[in-house]
Amino acid sequence: MDSATNLYKFVDGGIEIDAQATEKQKRGARRSLYSRWATSVFFDVRGKYVPAGLVIFDMRQNKEYTNYLYEKVNYLSLNAFDLQTVDASIQDASLSRGRALVVIDRHIFNSIKLQGNKAAFLVHEKDKLMLIADGIEVSFNLDHNAKYLQRILWLHYNDFLDGNTTLEEITKKTQEEQSKERQREREAVKFLYLRWRDTGEVKARKTYVPGGPVVFDFRRQKKYFNYLYKNNNYLAFDKFNNDTLFSCFESARDCRGQSLIVIDQLMFEGFRFGSIGNAVFLVLNKNNITLVAEKFEATFDLNEGSKYLQRIIWRNFNDLVNGKISIGDAISNSKKIGYFERKERKHELIEISGNKIQTYLFCQKNKIVSPSMYYIRTGTEVQLDKRGWIDHDDGFVIKSEAGCSAQDVYVLTKDGDQYHDLMHGQRYYRAEIMELLARLPSVIVEQRLINPTGTIPIDLKVYCMGGKPKYILLINRNHKREFGCVFVIGYNIEKKKFDPNPLKNDRLVLMSSPNENITNELKTSLENIGIDKVVKFCNDLLSRLDYREFISLDLFNIDGVLYLGEFTRTPGAFVYHIFDQDSIDTIFDFPKREVHK
């Protein structure tokens with residue numbers, strides 16, 4: 001029998017702990033708890049315990065955190081459990097360490113009955129967290145700061161429940177935590193690069209990538225060029241000793257988590273990597289490549305497109321191992337990259353792709369509805385300057401001629417003697433607008449398309465192939481000031497369904513919708529114009545221009561009229577993000593490819 005059992009009394013709804021427990025009894029509960037952790041097959045316990053730390057029981061199915069989060073807490077991961085063991089452990093933890101926290105998925109929370117009424121529960125739902133304890137229920141919305149919010153709640157849930165900290169303070173701590181982590185990562189990787197630079201055995205890429213993972217290349221034949229590494233911190237080892245290797249690897253792990261080791265099969269078999277820890281290995285053989293990590297292994301056959309597949313793996317190995325990206329996703333997206341790099345496309349649309357001035361002139365020539373142009377300057381040559389455009393009541397849009405992904409784009413409305421930028425929230429006087437124009441090497445000013453609500457129109461990026469529209473990426477830019485990013489959902493035209501998470505490797509610029517309100521804004525924008533109307537517009541346009549290769553048509557709906565903003569042959573959102581396998585295969589009609597697990 002557990003040594004602390006006599007401290008509990010059974011009441012309706014659970015077990016109540018004796019509030020007058022002595023320090024000796026608490027020590028007994030602590031010994032009982034750690035003894036059970038040491039012997040139970042149900043617990044995966046962090047290597048050392050924190051004497052003054054609270055206890056967190058992680059019962060989620062997908063555990064996405066790494067050990068550095070647990071420095072101040074006693075962390076237990078439960079991959080399987082029986083309720084009696086869990087309940088007794090929660091009671092011992094709450095008695096000896098204070099109120100324990102149980103992190104749990106909603107469907108598990110609803111399907112089991114834990115007696116641990118002295119614990120707090122952090123319940124994970126699709127787009128929110130629920131903190132539940134002592135009759136208190138508080139909801140926290142999840143957005144791009146989710147992991148930092150969860151980290152703060154893990155550390156401060158008791159202070160919040162006891163009224164010692166407020167919701168505003170939790171929000172502030174979350175923002176501070178995000179800022180601190182980014183600064184820590186920048187400093188850690190910079191320090192790592194300085195040390196690599198001074199080590200003759202390591203050849204590092206000239207610049208470091210603050211947000212990129214670390215790749216260690218041990219292959220004898222290194223075939224790749226630097227452009228493959230632009231999203232990675234890349235180190236090539238032509239020779240090495242264990243001290244250098246393990247020192248570099250530990251530093252990389254501390255600031256980046258899992259690292260990738262690219263290695264030949266013979267070296268992989270003959271070298272001891274056991275002390276490296278949580279590495280991911282990409283093992284190259286004559287006929288295949290194998291991605292290997294703890295509890296994960298996948299082998300891919302080599303063919304003429306393997307260099308694109310390896311590039312996907314190098315950039316996204318963590319997401320592959322953790323299941324965020326499937327093997328099928330990796331294969332289809334590698335073939336997508338191969339299409340863009342190998343396929344020669346010749347057509348007038350390809351020549352003007354990404355060139356806003358040429359696109360405007362092309363639309364004028366072909367009578368395609370597009371925003372009116374007020375001002376055009378290429379270098380020092382002003383090609384168009386309509387009188388009075390700066391005083392237009394509806395405002396205007398300033399764009400860098402070569403800009404993409406909303407970079408150097410300013411959506412301006414007139415407000416008295418100032419101009420308000422809806423994209424960035426800044427205000428400009430007339431003289432400052434002219435200074436802004438002068439700073440851009442080449443620039444256009446075009447008509448501001450106005451929604452009845454006064455918001456920025458939803459951007460419909462229609463991906464077309466074979467002369468037909470296949471997939472639509474909808475982009476909502478109206479919340480950039482609030483969240484620091486723009487939000488997207490997808491629509492598969494062939495399957496006639498919305499895709500709530502089209503980009504499987506979210507970046508800070510393009511993110512999946514964080515809540516139902518923003519999702520509904522995106523869906524409604526497409527439903528209002530009608531999918532049939534969008535399909536007909538694209539079919540008619542591509543048929544008239546006799547174009548059948550891949551192209552992205554950027555459309556806007558204003559009061560039932562579709563405007564063409566731009567043709568894009570290699571849209572960044574599509575080329576550099578990972579889309580799911582079904583979407584890619586639908587667009588390109590790719591055949592399936594074999595993979596072994």
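**Group meeting: a walk around helix H9**

Okay, let's start with a small oddity: just after helix H11 comes lysine 367, and its phi is positive, near 55°. When I say helix or strand, I mean DSSP runs numbered from the N terminus, with helices being H or I of at least four residues and strands E of at least two. Before going on, a word on the source: this is a predicted model, so local features need pLDDT of at least 70 and side-chain atom pairs count only at pLDDT 80 or more, while totals for chains, interfaces and linings use all residues. Residues are numbered from 1 along each chain as its sequence is written, and side-chain values use heavy atoms, with hydrogens and water left out.

Back to H11 for a second. This helix covers residues 356–365, and its buried residues are Lys356, Ile357, Thr359, Tyr360, Phe362 and Cys363. Buried here is under 20% relative accessible area, exposed is over 50%, and partly exposed is in between, using a 1.4 Å probe and protein chains only.

Now the overall picture. The protein chain has 17 helices and 31 strands. It runs to 597 residues, of which 53% count as buried. A contact, by the way, means heavy atoms within 4.5 Å. If you take the contacts in the chain with a separation of 6 or more, 59% of them are between residues 24 or more positions apart.

So, on to H9. How far apart are its end C-alpha atoms? They are 23 Å apart, and that agrees with the 22 Å that the 16 residues from 327 to 342 should span at 1.5 Å a residue. The expected span is 1.5 Å times one less than the number of residues. H9 is also mostly covered, with 13 of its 16 residues buried.

What covers it? I'll show you two neighbours, starting with H8. That's residues 306–321, and the H8 and H9 axes sit 9 Å apart at an angle of about 140°. That makes H8 oblique to H9. For the cut-offs, under 35 degrees is roughly parallel, over 145 roughly antiparallel, 65 to 115 roughly perpendicular, and the rest oblique. The axes are lines fitted to C-alpha atoms, for helices over the stretch in contact, and the angles run from 0 to 180 degrees between N-to-C directions. The crossing of H8 past H9 is right-handed, meaning the near helix is turned clockwise from the far one by less than a right angle; anticlockwise would be left-handed.

On the H8 side you have Tyr308, Leu309, Arg311, Ile312 and Leu320, and they meet a set of H9 residues including Ile327, Ala330, Ile331 and Ile337. By class, this contact of H8 with H9 has 8 nonpolar, 3 polar and 3 charged residues. Nonpolar is Ala, Val, Leu, Ile, Met, Phe, Trp, Tyr, Cys and Pro; charged is Asp, Glu, Lys and Arg; the others, Gly among them, are polar.

The other neighbour is H17. Its axis and that of H9 come within 8 Å and cross at roughly 35°, and this crossing is left-handed. From H17, Gln581, Ile584, Asp585 and Phe588 meet H9 residues, among them Gly328, Lys336, Tyr339 and Phe340. The class count for H9 with H17 is 4 nonpolar, 4 polar and 3 charged residues.

While we're in H17, which spans residues 581–588, look at serine 583. Is this serine buried or exposed? Serine 583 is buried, at a relative accessible area of 3%. Leaving out residues up to four places away in sequence, it touches Tyr471, Asn492 and Asp499. Its C-alpha is 9.7 Å from that of isoleucine 493, which is 90 residues away in sequence.

Another one to click on is glutamate 446, in strand S23, residues 442–447. Why does glutamate 446 count as buried? Because its relative accessibility is 9%. Beyond its neighbours within four places in sequence, glutamate 446 is in contact with Pro371, Ser372, Met373, Tyr374, Phe396, Val397 and Lys399.

Last stop, back to positive phi. Aspartate 546 isn't a glycine, yet its phi is positive at about 55°. You'll find aspartate 546 in the loop between helix H15 and strand S29, and it's exposed, with a relative accessible area of 62%. Aspartate 559 has a positive phi too, about 50°, and is not a glycine either. This aspartate 559 is in the loop between S29 and strand S30; with a relative accessible area of 62%, aspartate 559 is exposed.
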